[in-house]
Amino acid sequence: MCLIVFSWQPDTDTPLILLANRDEFFERPAEPMHWWHDRPDVLGGRDLRGGGTWMGVNRAGRFAALTNFRDGRAPMASKDAPSRGLLVSAMLDATSFDADLARVERHAHEYAGFNLLAGDLPAGKLFWLGNRADHVGGNLKAPPAIPVNPVAHAISPGLHGLSNAVMDTPWPKLLSRRDALADALSRNADDATLLQIMRDPTEAPDDALPETGVSQTLERTLSAAFIASPAYGTRCTTLLRYHRDGRIDMVEATVTPGQSPKVLSDRRDFSFVIDAKRT
């Protein structure tokens, strides 16, 4: 995932409502959201090259999603570095959530830059963990990022966003989509309306672009919530709702190259009740 906006209100009837766009090269093979055959408790898409996923849940109510940390000035990651998508699938194991999160913390230095959002939803837990940090707390014009020894941070109640910098870094697309989510929730918007929030192809003006070490042309392209370019772009939009009664609803709409952002085609809907025996 490269853009996630969400409402975390743990004391309400719907504690988590989350929207996400996965941005990736179109040539990278992947399967859309499904219950995994080899791990039937896991629901999510699957990266067929790295073996992990960008976002998923399991029947115990565990949730995880990932964005890459963009820093074009950093050295290229080693070819031996594990796929970051494996961090998500690791958080969907059937063991202790706290133990799994601690294990990710210990091994985070082995991966290229990432942000991980992970939660044990029935337990009211939602955390952000990243292995990169800038020098000035998410400033748009920050110096190069530096590796950090990651510590998981509990997410406070409210509206939040995560893109390719630290949590709630005020990139234009994050701010606009977070505000759009707030407005839609105030109107009790349906699923299709929520999904359309993430299909905005508007690029930010040059004076509002972050500086992440890539060219200004690429920075401009990547500034849109919905990225459309021949080789790289938004490949799916996902909606997750977690209800206090234990129900999880997920909707995914897949994108094909050149598809209009207004078209919500190849849509998959899933709904299940958390298995209390597994929590």
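**Exercise 1.** Find the exposure class of R268, which has 25% relative accessibility.

*Solution.* Start with the cut-offs: buried means under 20% relative accessible area, exposed means over 50%, and partly exposed lies in between (1.4 Å probe, protein chains only). At 25%, R268 counts as partly exposed. Before going on, note that this is a predicted model, in which local features need pLDDT of at least 70, side-chain atom pairs count only at pLDDT 80 or more, and totals for chains, interfaces and linings use all residues. Residues are numbered from 1 along each chain as its sequence is written, and side-chain values use heavy atoms, with hydrogens and water left out.

Next, look at the partner. The side chain of R268 forms a salt bridge with that of D266, at 2.9 Å from N to O; the term asks for a side-chain nitrogen of Lys or Arg within 4 Å of a carboxyl oxygen of Asp or Glu. D266 is partly exposed too, with a relative accessible area of 42%.

**Exercise 2.** Work out which parts of the chain the salt bridge between R241 and D191 joins.

*Solution.* First, the distance: N and O are 2.9 Å apart. Second, the location: R241 belongs to strand β13 (residues 232-242) and D191 to helix α4 (residues 191-197), so the pair ties together parts 50 residues apart in sequence. Here helices (H or I, at least four residues) and strands (E, at least two) are DSSP runs, numbered from the N terminus. Third, the exposure: R241 is buried at 16%, whereas D191 is partly exposed at 22%.

**Exercise 3.** How far apart are D100 and R103 in helix α2?

*Solution.* Count along helix α2 (residues 97-107): the two are three residues apart, which means about one helical turn. Their side chains meet in a salt bridge of 2.4 Å, N to O. D100 is buried at 1%, and R103 is partly exposed at 32%. Both belong to a salt-bridge network with R39, R62 and D93.

**Exercise 4.** In what order do the strands of the six-stranded open sheet lie?

*Solution.* Read across the sheet: β12-β1-β2-β13-β14-β15, with antiparallel pairing. Two strands pair if DSSP finds at least two bridges between them. At the edges, β12 (158-162) and β15 each pair on one side only. Now zoom in: β1 (residues 3-8) and β2 (residues 16-25) are paired over six bridges, and L3 has N21 in β2 as its bridge partner.
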